[in-house]
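Subject: Structure handover and findings

Dear colleague,

Please find below the structure that I am passing on to you. My account of what was found in it follows directly after.

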Amino acid sequence: MYCRPLGTLDGEVHLRVDSSVVPVVTPARKIPIAICTRLHEELDRLCKLGVITPIEEPTPWVNQIVVAQKKSGDLRICLDRRNWRKHYYVKDSSFQFWMMFCMNLGQSRIFTKANLSSSYWHVQLDLGCSMLTTFQTCFGRYCFCLLPFGLSISSEIFQQKLLEALTGLTNVVCIADDVIIHAKDTEQHDEYLHKHRH
């Protein structure tokens with residue numbers, strides 16, 4: 001099975017949790033028999049990519065997952081956001097989404113959009129936070145090594161990390177997982193595009 005390599009944004013993320021909250025172990029959610037084989041294959045693929053890793057030692061927190069089917073038919077494994085909100089207190093990021101629009105696009109006429117595939121999986125979790133993301137399946141327990149889909153704060157963390165990575169690049173903005181290079185004419189645009197590809 002081919003696994004596309006993932007890039008890594010600088011620095012590890014630490015999710016702050018209210019220490020007064022009692023740890024909770026939730027049972028594995030039932031998975032439809034029709035997708036069990038595909039789920040096992042996806043878990044193996046994510047292990048090879050370094051997104052998740054099997055875990056055998058006891059952990060105080062065990063989450064449920066939601067298995068969603070993307071338009072392509074592939075499966076996406078997310079932590080159950082409802083359980084996370086119910087049992088954890090994750091301090092909201094102070095990052096404001098709208099700061100990404102501060103750059104003036106009014107003079108630009110030419111644009112190139114590059115999409116960051118598997119966006120959140122370019123962000124590393126520190127070891128302590130990785131243990132918080134432990135989840136149970138019928139194939140065993142795993143934890144996320146990279147920022148999981150399903151957390152309400154994941155989008156803010158990813159956006160902040162991506163913006164930090166693009167700081168200093170001329171005529172580049174990011175909107176969600178899209179990186180946009182813009183310029184007033186084709187010559188200037190091609191110059192920026194060539195420069196930023198390296």
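Two points of charge pairing come first: the structure holds 2 salt bridges. In one of these, the side chains of Arg29 and Asp80 meet at 2.6 Å, N to O. Arg29 sits in the loop between β1 (12–13) and α1 (33–49), while Asp80 belongs to the loop between β4 (75–79) and α2, so this pair ties together parts that are 51 residues apart in sequence. The two partners are covered to unlike degrees: Arg29 is partly exposed at 29% relative accessibility, whereas Asp80 is buried at 3%.

The other salt bridge joins the side chains of Glu42 and Arg45, at 3.0 Å, N to O. Both residues are in helix α1 and stand 3 residues apart, which means that about one helical turn separates them. Glu42 is buried, its relative accessible area being 10%. As general background, side chains of opposite charge can pair when their charged atoms come close.

Please bear in mind that this is a predicted model. The mean pLDDT of the protein chain is 79, and 83% of its residues reach 70 or more. Among the elements of the chain, β2 has the highest mean pLDDT, 96, and helix α2 (residues 81–87) the lowest, 60. Where pLDDT is low, the predicted coordinates should not be read in detail.

As to the chain overall, the protein has 5 helices and 10 strands. Of its 198 residues, 41% are buried. When contacts between residues at least 6 apart in sequence are considered, 73% join residues at least 24 apart. The chain exposes about 11600 Å², of which carbon and sulfur atoms supply 53%.

Arg29 also takes part in a contact with Gln64. The side chains of these two residues are joined by a polar contact of 3.1 Å. Gln64 lies in the loop between β2 (52–54) and β3 (65–69), and its side chain reaches the backbone oxygen of Pro27 at 2.9 Å. Gln64 counts as buried because its relative accessibility is 13%, under the 20% cut-off.

A further residue to examine is Thr137, in strand β7 (residues 135–137). Thr137 is buried, with a relative accessible area of 6%. A polar atom of the Thr137 side chain lies 3.0 Å from the backbone nitrogen of Phe139. The backbone oxygen of Gly140 is 2.8 Å from a polar atom of that side chain. Apart from neighbours within four places in sequence, Thr137 is in contact with Ala28, Leu43, Ile65 and Tyr142.

Finally, the cysteines. The count of disulfides comes to 0. For Cys47, which is in no disulfide, the nearest cysteine sulfur is that of Cys145, 8.2 Å away. Cys145 is likewise in no disulfide, and the nearest cysteine sulfur to it, that of Cys143, is 5.3 Å away. A disulfide would need the two sulfur atoms within 2.5 Å. Cys47 is partly exposed, with a relative accessible area of 24%, and Cys145 also counts as partly exposed, at 25% relative accessibility.

With kind regards

Conventions
Residues numbered from 1 in each chain as written. Predicted model: local features only at pLDDT ≥ 70, side-chain atom pairs only at ≥ 80, totals over all residues. Heavy atoms only, no water. Helix = DSSP H or I, 4+ residues; strand = E, 2+ residues; numbered from the N terminus. Buried < 20%, exposed > 50% of the residue type's maximum accessible area, 1.4 Å probe, protein only. Polar contact = N/O pair within 3.5 Å; in protein donor to acceptor, adjacent residues only side chain to side chain. Contact = heavy atoms within 4.5 Å. Areas by Shrake-Rupley, 256 points an atom, 1.4 Å probe, with all protein chains shown as cover. pLDDT = per-residue confidence, 0-100. Salt bridge = Lys/Arg side-chain N within 4 Å of Asp/Glu carboxyl O.
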